Structure formats: structure tokens, C-alpha cells
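User: I would like to go through this model by asking about its parts in turn. Please keep the answers short and end each on what was asked.

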Amino acid sequence: MENNKNKKRGKVSDKDTYAHRLYLADFLREPVIRSVIQALKLPSGSRGLDAGCGIGSHTLMLAEAVAPAGHVTGLDISSEFLAHAREKAKKSSLSEHVFFQEGNVNKLPFDDDLFDWVWSSDCVGYPAVESLTLLKESARVVKPGGIVAILGWTSQQVLPGYPLLEARLNASSPAISPYFSGKRPELHFLRALGWFRDAGLKELNARTFVGNINAPLNDNIRNAMISLFEMVWGNAESEVTQENWEEFQRISQPESPDFILNLPDYYAFFTYSLFSGKVAK
Ligand SMILES: C[S@@+](CC[C@H](N)C(=O)[O-])C[C@H]1O[C@@H](n2cnc3c(N)ncnc32)[C@H](O)[C@@H]1O
């Protein structure tokens with residue numbers, strides 16, 4: 001969910017700013033992530049890996065799902081994100097059940113058959129992550145019969161009443177990031193079942209989950225939505241008409257009298273798609 005404008009401004013290299021975006025996004029994502037975790041039916045007491053764990057929010061939810069005897073390792077390449085994750089864990093009741101470690105998902109620093117499952121959310125597709133390698137590495141560190149699951153944000157409908165504007169904004173490169181025009185179609189996230197097959201995983205499954213946003217919006221959800229507008233379309237100006245851009249500004253800026261999140265009947269949704277498979281026995 002990074003965008004190029006932020007990269008140019010140096011915002012994304014500012015890990016705290018990006019960590020704050022992840023923190024805000026959690027207010028939107030938590031219910032849907034919990035549904036996904038529930039659907040995976042991770043065995044109680046199992047041991048898992050959250051690959052590309054960011055600030056560790058999912059690591060904690062996963063640990064809760066396998067409690068009281070389970071354990072989850074959160075792995076990320078960013079020491080700054082891991083510092084946020086450790087802080088978060090310390091404040092939770094699950095600190096004994098999680099461990100955070102720096103490392104690269106393309107070369108997992110673990111022995112074979114160590115985990116019962118691997119989870120990776122909003123991670124594949126980014127430049128430093130090789131999707132097939134991540135899946136092969138996950139299959140290596142998961143015991144036979146264990147689960148490999150990857151999850152990714154796949155769409156949003158968040159400008160009710162402006163379907164054409166939203167479609168035009170969605171036709172811009174920031175909106176399709178981390179996919180980009182010219183990238184091989186088989187590298188698009190919705191083609192992930194092919195990567196699972198190529199990694200030798202079995203019992204493949206693909207499902208999409210919906211997160212709902214209903215008025216009245218509390219401050220956390222409002223701030224998360226404002227951050228989302230900026231992340232998904234903040235750099236789309238050069239790819240839409242001036243008229244479209246002005247209309248987007250008019251409805252997406254909190255100070256505007258037409259700010260869309262002030263609609264008393266605002267409703268929106270977004271989707272997360274889950275791909276999973278099992279390591280052959
Ligand atoms: C969009 S964030 C998602 C974080 C978290 N999974 C979530 O859903 O909140 C992507 C994460 O992948 C991490 N990452 C990117 N490339 C990586 C790599 N090669 N190895 C490990 N982590 C990586 C980033 O540091 C970042 O924390």
C-alpha cells in the first residue's frame with residue numbers, strides 16, 4: 001500500500017510514518033483479519049511464523065488464536081517496525097507467546113519443518129519480496145501437512161456516490177501498487193494459486209473476505225480512512241483529469257464541506273483475499 005509520491009517525499013523511508021499508517025490501518029482491518037484467522041482454523045497450541053510482520057498486529061492476533069499454548073514468531077526486514085512490534089507485544093497479555101526476529105522472507109533463517117504454519121499478509125508483491133521464493137521457503141520451514149497462507153488487500157469501494165471517479169482513480173498506478181503496468185500478469189496477487197502450485201503446495205484454496213465500514217465513524221476509523229485515501233490515490237493526480245482530481249479533493253479532504261466521511265449514511269467496504277495450501281505429507 002505504499003505510494004511513489006511518499007517515496008519521493010521521503011515519507012515511506014520514514015519508517016515511523018509508515019508504521020503509523022499500518023497502526024491506523026489496523027482499526028479498519030482488525031475485524032476482517034480476525035475472520036480470516038478464524039477461517040484458517042489454526043490448531044490450538046500450534047507454532048507459527050508471521051512472515052513480513054510489520055508492527056506485529058497480526059502476530060498478536062495469531063498468537064491469540066493458538067493460545068494458550070501456541071507460539072508465533074514475527075519476522076521482518078525492518079528493525080524499526082520490529083521495535084514497534086516488541087513495544088506492542090509488551091503491552092499485551094501475549095508477550096510470552098510471541099517472538100520478533102529480524103530477517104528476510106526470501107531466505108528464512110529457520111530450520112526445515114520448524115513451524116506448523118506460515119502466515120504472510122500484505123507482503124508479497126513488494127519489490128524486496130519474491131513471491132515464489134517466499135512460498136518455497138515457507139513450504140520448507142513448515143512441517144508436512146502444515147498450512148501456508150498469504151493474504152493481501154485486493155480492492156476497495158470507498159467513495160459511495162462517485163463510481164466513475166473511483167473507477168478512474170483506481171485506473172492509476174498508485175491504486176494498483178505493488179502491481180504495476182508492464183509487470184508479468186502471472187505476478188499479480190490474484191494469480192497466487194499458480195505460485196502455490198509451483199511451490200509444490202497441495203489442497204489449494206482461495207477466498208475473499210470483506211471489511212465493512214459504516215457510519216457513524218469514530219475518530220480512529222476516520223483517520224484510517226483519510227490515511228487510506230492518501231495511500232491509495234494520493235499520487236494519482238498526474239494520471240486523472242484536473243476535473244477528477246478536484247472532485248476527489250472536494251470529497252476526500254476533511255476541511256471540505258463535502259467531505260464524504262461526514263455523510264450520515266456513509267457505507268464502504270474493502271476486500272482481503274486469502275490464498276492457502278498445505279505442505280505435502
Ligand atoms: C505492507 S507491510 C505489511 C505488514 C504486516 N504484515 C501487516 O499486514 O500489517 C509489508 C512488510 O513487509 C516487510 N518486508 C518487505 N520486504 C521484506 C523482506 N524481504 N523480508 C522480510 N520482510 C519484508 C516490510 O518491512 C513491511 O513490514
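User: Where is Glu-203 placed, and is Glu-203 buried or exposed?

Analyst: This is a predicted model. Glu-203 is placed in strand 6. A residue counts as exposed if 12 or fewer other C-beta atoms lie within 10 Å of its own. Because Glu-203 has 12 other C-beta atoms within 10 Å, Glu-203 is exposed.

User: What is the phi value of Glu-203?

Analyst: Glu-203 is a residue other than glycine, yet its phi is positive. The value is near 50°.

User: Which residue in the loop between helix 2 and strand 1 is exposed and has 9 C-beta neighbours inside 10 Å?

Analyst: The loop between helix 2 and strand 1 holds a residue that is not a glycine but has a positive phi of about 50°. With 9 C-beta neighbours inside 10 Å, that residue counts as exposed. The residue is Lys-41.

User: In what order do the 7 strands of the open sheet stand?

Analyst: The sheet is open and its pairing is mixed. Its 7 strands follow the order 3-2-1-4-5-7-6.

User: Why is one side of strand 3 and of strand 6 left without a neighbour in the sheet?

Analyst: Strand 3 (98-102) and strand 6 (202-214) are found at the edges of the sheet. One side of each has no neighbour there, because each has a single partner strand.

User: By how much are neighbouring strands of this sheet turned against each other on average?

Analyst: The average ignores the direction of the strands. The turn between neighbouring strands is 20°.

User: How many residues of strand 1 are buried?

Analyst: Arg-47, Leu-49 and Ala-51 point one way from strand 1, while Gly-48 and Asp-50 point the other way, and all are buried. Strand 1 is thus mostly covered, and its buried residues number 5 of 5.

User: Which residue of strand 2 stands opposite Leu-49?

Analyst: Strand 1 and strand 2 pair in the parallel sense, over 5 bridges. Opposite Leu-49, strand 2 has Thr-73.

User: How many residues of strand 2 are buried?

Analyst: His-71, Thr-73 and Leu-75 point one way from strand 2, and Val-72, Gly-74 and Asp-76 point the other way; all are buried. Strand 2 is therefore largely enclosed by the rest of the structure, with a buried count of 6 of 6.

User: Which elements are among those that cover the buried residues of helix 3?

Analyst: Helix 3 (residues 57-65) has 8 of its 9 residues buried, so it is largely enclosed by the rest of the structure. Those buried residues include His-58, Leu-60 and Met-61. Their cover includes helix 2 (15-40), strand 1 (47-51), strand 2 (71-76), helix 4 (79-91), strand 3 and strand 4 (115-121).

User: What is omega for the cis peptide bond that joins Ala-67 and Pro-68?

Analyst: Pro-68 lies in the loop between helix 3 and strand 2. The bond joining Ala-67 to Pro-68 is cis, and omega is about 5°.

User: Where is Pro-216 placed?

Analyst: The peptide bond from Ala-215 to Pro-216 is cis, with omega near 0°. Pro-216 has its place in the loop between strand 6 and helix 9 (219-233).

User: Which residue of strand 7 is the bridge partner of Ala-149?

Analyst: Strand 5 (residues 142-157) and strand 7 (residues 267-278) run antiparallel and are joined by 10 bridges. Ala-149 touches Leu-40, Trp-117, Trp-119, Leu-274 and Ser-276, leaving aside residues up to four places away in sequence. The bridge partner is Ser-276.

User: Which residues have the most contacts inside the largest nonpolar core?

Analyst: The largest nonpolar core has 74 residues. The residues with the most contacts inside it are Val-118, Val-148 and Ala-149.

User: Which residues come nearest to the ligand?

Analyst: The shell around the ligand divides into 10 nonpolar, 8 polar and 2 charged residues. Of the 20 residues around the ligand, those that come nearest are Gly-52, Gly-54, Ile-77, Ser-78 and Ser-121.

User: Which residues does Pro-254 touch, not counting residues up to four places away in sequence?

Analyst: Pro-254 is in the loop between helix 10 (242-252) and strand 7. Pro-254 counts as exposed because it has 12 C-beta neighbours inside 10 Å. Beyond four places in sequence, Pro-254 touches Ile-226 and Phe-259.

Note on methods
Residues are numbered from 1 along each chain as its sequence is written. This is a predicted model: local features need pLDDT of at least 70, side-chain atom pairs count only at pLDDT 80 or more; totals for chains, interfaces and linings use all residues. A residue is near a molecule or strand if its C-beta atom, placed from the backbone, lies within 6 Å of it. Ala, Val, Leu, Ile, Met, Phe, Trp, Tyr, Cys and Pro count as nonpolar, Asp, Glu, Lys and Arg as charged, and the others, Gly among them, as polar. A nonpolar core is a set of buried Ala, Val, Leu, Ile, Met, Phe, Trp, Tyr and Cys residues joined through C-beta atoms within 7 Å. A residue is buried if 20 or more other C-beta atoms lie within 10 Å of its own, exposed if 12 or fewer, and partly exposed in between; C-beta atoms are placed from the backbone. Two residues are in contact if their C-beta atoms, placed from the backbone, lie within 7 Å. Two strands pair if DSSP finds at least two bridges between them. Helices (H or I, at least four residues) and strands (E, at least two) are DSSP runs, numbered from the N terminus. Axes are lines fitted to C-alpha atoms, for helices over the stretch in contact, and angles run from 0 to 180 degrees between N-to-C directions.
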